[in-house]
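I set out to look at two helices in turn, asking of each how it is built and what surrounds it. My notes follow in the order in which I looked things up.

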Amino acid sequence: MTIKVAAIGTGNVGRHALSQLVTDPRFELTAVWVSSEAKAGRDAGELAGLGNSTGVTATTDLDAVLATEPQCVVYTAMADNRLTEALEDYRRILAAGVNVVGSSAVFLQHPWQVLPDEMIKPIEDAAQHGNSSIFINGIDPGFANDLLPLALAGTCQRIEQIRCMEIINYNTYDSATVMFDVMGFGKPLDELPMLLQPGVLSLAWGSVVRQLAAGLGVELDEVTETFVREPAPEDFDVAAGRIAEGTAAALRFEVRGMKDGKIATVLEHVTRLRDDLCPDWPQPAQEGGSYRVELTGEPSYALDLCLSSPNGDHNHAGLVATAARVVNAIPEVVDAPAGIRTTLDLPLITGKGLYARSQDEGNQ
């Protein structure tokens with residue numbers, strides 16, 4: 001029996017989610033919400049880049065989406081720069097009795113002790129009222145720093161620290177809003193962007209270190225953050241625009257979960273816009289970027305996760321993985337108890353039903 005779904009957002013992640021919702025026989029697409037009038041009225045197949053007609057046209061009206069009575073909404077609309085609006089969207093959707101899977105806002109991955117209770121309660125109350133559930137995840141925050149490290153932890157006798165790293169060149173990441181306004185690339189080093197304002201790193205990735213700690217049964221004493229930026233040695237261009245000499249071109253930060261004065265769980269990002277920048281910083285396991293889990297204990301582990309795709313580079317693969325992580329969770333989320341759900345309480349999502357011949361083989 002197919003699950004009726006609607007898509008909210010058709011951007012970098014959303015178009016990949018929409019493509020799977022259209023082509024995956026487990027789902028029936030009922031509606032698509034878009035943020036711009038330029039996309040309104042366009043067919044879902046066109047917005048997903050599939051080149052076929054689905055009969056489902058995009059709208060900017062959330063009420064119209066809910067009127068199609070989906071069982072689940074896939075929410076990939078930008079939330080980093082519109083948190084209040086995104087949380088209100090979630091409240092409305094959940095209260096209407098519709099489940100949610102999504103890629104943002106990332107702090108909802110595991111919001112307890114990250115968000116103030118007064119921000120969590122309306123979401124929980126709406127979910128209880130609508131008997132609906134919500135699951136926010138992706139690749140990072142998400143699979144690379146929740147399920148993967150905790151699976152390794154399950155083979156240890158003792159654990160001293162879990163470190164999760166993203167080591168990636170963002171030069172092909174084509175979102176000026178994220179790159180310039182949120183992360184501050186191409187900006188003067190004395191100008192703090194949204195991401196580096198005090199407390200924002202801990203808000204965005206505190207859910208990661210707190211969920212890891214919860215998986216270990218550890219109550220953290222505090223969460224701290226640190227960062228360093230390096231300038232561009234000369235002018236150069238990336239997919240999102242121009243990086244001027246002397247402006248931010250590399251960023252390294254940590255969000256640390258502290259216990260008894262020691263780092264118990266830590267999320268680290270090492271982000272460059274050129275491979276030759278900051279050669280003394282950690283290097284990826286493959287050209288362009290990779291994810292890494294370093295677990296110190298008995299035994300200890302170092303695990304590199306390398307993403308690739310026949311249709312693009314590592315950044316493209318990460319966007320597809322983020323979309324697929326939440327889309328593939330839809331059946332489990334629809335069946336889950338009401339409330340905010342996390343990787344710690346959902347069943348293992350295995351990719352059941354996704355086996356297929358290679359695209360090249362299918363064209364022979």
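I began with how far α8 is covered, and I found that 12 of its 17 residues are buried; the model is a predicted one. I listed the buried residues of α8 as L201, S202, A204, W205, G206, S207, V208, V209, R210, Q211, L212 and A213. Looking for what these buried residues pack against, I noted α6 (147–153) together with the strands β7 (158–169), β8 (222–231), β11 (248–259) and β12 (262–272).

I then turned to the geometry of α8, which runs over residues 200–216 and reaches 25 Å from its first C-alpha to its last, close to the 24 Å expected at 1.5 Å a residue. I also recorded a kink of about 50° in α8, centred on G206, a residue that is itself among the buried ones. Just after the helix, I found G217 with a positive phi of about 75°.

My second entry concerns α9, residues 314–327, where I compared the span with expectation: its 14 residues should cover 20 Å at 1.5 Å a residue, and the end C-alpha atoms are indeed 20 Å apart. I counted 12 of the 14 residues of α9 as buried, so this helix is largely enclosed by the rest of the structure. The buried residues of α9 include H314, N315 and H316 towards its start and R325, V326 and V327 at its end.

Last, I asked which residue caps the N-terminal end of α9. I found that D313 does, with a side-chain oxygen 3.1 Å from the backbone nitrogen of N315, and N315 is in turn one of the buried residues of α9.

Technical notes. Residues are numbered from 1 along each chain as its sequence is written. This is a predicted model: local features need pLDDT of at least 70, side-chain atom pairs count only at pLDDT 80 or more; totals for chains, interfaces and linings use all residues. Side-chain values use heavy atoms; hydrogens and water are left out. Helices (H or I, at least four residues) and strands (E, at least two) are DSSP runs, numbered from the N terminus. The expected span of a helix is 1.5 Å times one less than its number of residues. The bend at a residue is the angle between axes fitted to the seven residues ending there and the seven starting there. Buried means under 20% relative accessible area, exposed over 50%, partly exposed in between (1.4 Å probe, protein chains only). Contact means heavy atoms within 4.5 Å. A polar contact is a pair of N or O atoms within 3.5 Å; within protein, one must be able to donate a hydrogen and the other to accept it, and residues adjacent in sequence count only if both atoms are side-chain atoms.
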